[in-house]
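Student: Could you walk me through the charged pairs and the packing in this model?
Tutor: Gladly; let's look at it together.

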Amino acid sequence: MNLPNKLTMFRIILIPFFILILAAPIFSGSVVIAGTSISVTRLVATIIFIVASLTDFLDGQIARRNHLVTNFGKFADPLADKMLVMTAFLFLVGLGDVPAWVAAIIVCRELAVTGLRLIIVENEGQVIAAAWPGKIKTTTQMLAIILLFLNNVLFAAINVPMGLILLYICLFFTIYSGVDYFVQNRSVFSDSF
């Protein structure tokens with residue numbers, strides 16, 4: 001197993017720890033960061049999420065740079081990303097930090113695009129690389145999740161709800177990139193109608 005695949009597996013392994021920290025908080029108390037109180041549980045969960053997100057960035061960079069792209073990586077990397085992000089959004093909905101309708105749109109888009117990618121791989125034998133709108137979606141998703149878990153602590157001093165702003169930017173690019181994937185690959189369904 002090459003290094004990018006090990007990083008992807010590490011990200012997948014972090015997800016149960018992320019869930020455990022949030023579902024069965026073993027940490028009590030809170031810390032004050034930049035004048036804002038945040039629970040230790042949310043802080044630890046955020047650190048795990050950040051580490052997992054960094055492995056997402058690193059595994060792709062290393063795989064492309066060193067020509068280490070594998071079928072396992074093509075399968076596991078996007079799966080790990082979706083597992084991590086969907087888990088975070090489900091917990092943020094439960095914590096009351098993200099409206100359920102926003103999370104529902106994001107989950108539906110991810111499922112639809114994943115299904116489309118599977119059809120394309122089956123029919124054409126190729127994996128669709130992420131386009132720029134999809135990359136912006138992923139980046140804003142991860143930044144929004146981090147800020148929302150941290151109760152917007154980094155922007156509390158200037159009273160700007162940056163986590164929510166990024167959430168709605170991410171929602172826009174979620175919808176836009178999802179529509180873009182289907183428009184760009186509409187030929188897959190040409191014989192269906």
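Tutor: Let's start with a pair of charged residues: aspartate 59 and arginine 11 are both buried, where buried means under 20% relative accessible area, exposed over 50%, and partly exposed in between (1.4 Å probe, protein chains only). A word on the source: this is a predicted model, where local features need pLDDT of at least 70, side-chain atom pairs count only at pLDDT 80 or more, and totals for chains, interfaces and linings use all residues. Residues are numbered from 1 along each chain as its sequence is written, and side-chain values use heavy atoms, with hydrogens and water left out.

Student: How do the side chains of aspartate 59 and arginine 11 meet?
Tutor: In a salt bridge, that is, a side-chain nitrogen of Lys or Arg within 4 Å of a carboxyl oxygen of Asp or Glu. Here the N to O distance is 3.0 Å for aspartate 59 and arginine 11. Aspartate 59 sits in helix α2 and arginine 11 in helix α1, so the pair ties together parts 48 residues apart in sequence. Helices (H or I, at least four residues) and strands (E, at least two) are DSSP runs, numbered from the N terminus.

Student: Which residues are linked with Arg11 in a network of salt bridges?
Tutor: Asp56, Asp59, Asp77 and Asp81 are linked with Arg11 in that network. The structure holds eight salt bridges.

Student: Is glutamate 110 buried or exposed?
Tutor: Glutamate 110 is buried, with a relative accessible area of 3%. It lies in helix α4. Its side chain forms a salt bridge with lysine 82 (3.2 Å, N to O), and another with arginine 109, the closest N and O atoms being 3.2 Å apart. Both partners are buried: lysine 82 has a relative accessible area of 18%, and arginine 109 stands at 8%.

Student: And what about the nonpolar side, which residues touch the most other members of the largest core?
Tutor: A nonpolar core is a set of buried Ala, Val, Leu, Ile, Met, Phe, Trp, Tyr and Cys residues joined through side-chain atoms within 4.5 Å. In the largest one, of 33 residues, the answer is Phe18, Phe49, Phe89, Val98 and Ile145. Helix α5 (132-149) is among the helices that each supply at least two residues, and α5 gives the most, with seven.

Student: Where do the side chains of strand β2 point?
Tutor: They alternate along residues 36-39: Thr36 and Ile38 point to one face and are buried, while Ser37 and Ser39 point to the other and are not.
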